[in-house]
Amino acid sequence: MKLYGLKNCDTCRKALKALPQAQLVDVRADGVGADVLARALAQFGDALVNTRSTTWRALDEAARAQPPLALLQAHPSVMKRPLIETADGTLYLGWGKAEQAALA
């Protein structure tokens, strides 16, 4: 199981604590594979882009106008976190009650 997020993100830390078998992939340091991003974008759509993040607020209008896939590749920390990929390839976005119940 892989958890795509940031090592300093509180929500990612909570998810990692609850999922000790998960491996953290720091999106800022390691990035996210294009195939994983494409699958996540197809499944979650615009919800994958966190428009409430500090990174998003720091972007200019030209950067915000990019297609989501290009934006996420250029600025991976603008992705909503955590993005969790299970061993069978199933993707979960966020760490809400539904995701916690599905992965517990």
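How far is the sulfur of C12 from the closest cysteine sulfur, and in which residue does that sulfur lie? In this predicted model, the closest cysteine sulfur to that of C12 belongs to C9, at 3.5 Å, which is too far for a bond. Seen from the other side, the sulfur of C9 has C12 as the residue with its closest cysteine sulfur, again at 3.5 Å and too far for a bond. The cut-off for a disulfide is 2.5 Å between the sulfur atoms, and the structure holds 0 disulfides. Both cysteines of this pair are nevertheless buried: C9 has a relative accessibility of 13%, and C12 has 1%.

The nonpolar interior comes next. The largest nonpolar core has 30 residues, and those touching the most other members are Y4, V32, L48, L72, M79 and L83. Several elements each supply at least two residues of this core, namely strand 1 (2–5), helix 1 (10–18), helix 2 (34–44), helix 5 (68–74), strand 3 and strand 4. Helix 2 gives the largest share, with 4 residues. L72 can serve as an example of the packing. Apart from neighbours within four places in sequence, L72 is in contact with L37, L48, V49, V78 and M79. Of these partners, L48 and M79 are themselves listed with L72 among the core residues that touch the most other members.

A charged residue offers a contrast. D26 is found in strand 2, which covers residues 23–26. What is the nearest side chain of opposite charge to D26, and how far away is it? It is K7, at 4.8 Å. A salt bridge requires a side-chain nitrogen of Lys or Arg within 4 Å of a carboxyl oxygen of Asp or Glu, and D26 has none, although D26 is buried. K7 is still among the residues that D26 touches; with residues up to four places away in sequence not counted, the list is G5, L6, K7 and G31.

The last stop is a loop. T86 lies between strand 3 (83–85) and strand 4 (91–93). Is T86 buried or exposed? T86 counts as buried because its relative accessible area is 14%, and the limit for buried is under 20%. The side chain of T86 has a polar partner in the side chain of D88, with a polar contact at 2.4 Å. Beyond its neighbours within four places in sequence, T86 is in contact with M1, Y92 and L103.

Key
Residues are numbered from 1 along each chain as its sequence is written. This is a predicted model: local features need pLDDT of at least 70, side-chain atom pairs count only at pLDDT 80 or more; totals for chains, interfaces and linings use all residues. Side-chain values use heavy atoms; hydrogens and water are left out. Buried means under 20% relative accessible area, exposed over 50%, partly exposed in between (1.4 Å probe, protein chains only). Lys and Arg count as positive and Asp and Glu as negative; His and the chain ends are not counted. Contact means heavy atoms within 4.5 Å. A polar contact is a pair of N or O atoms within 3.5 Å; within protein, one must be able to donate a hydrogen and the other to accept it, and residues adjacent in sequence count only if both atoms are side-chain atoms. A nonpolar core is a set of buried Ala, Val, Leu, Ile, Met, Phe, Trp, Tyr and Cys residues joined through side-chain atoms within 4.5 Å.
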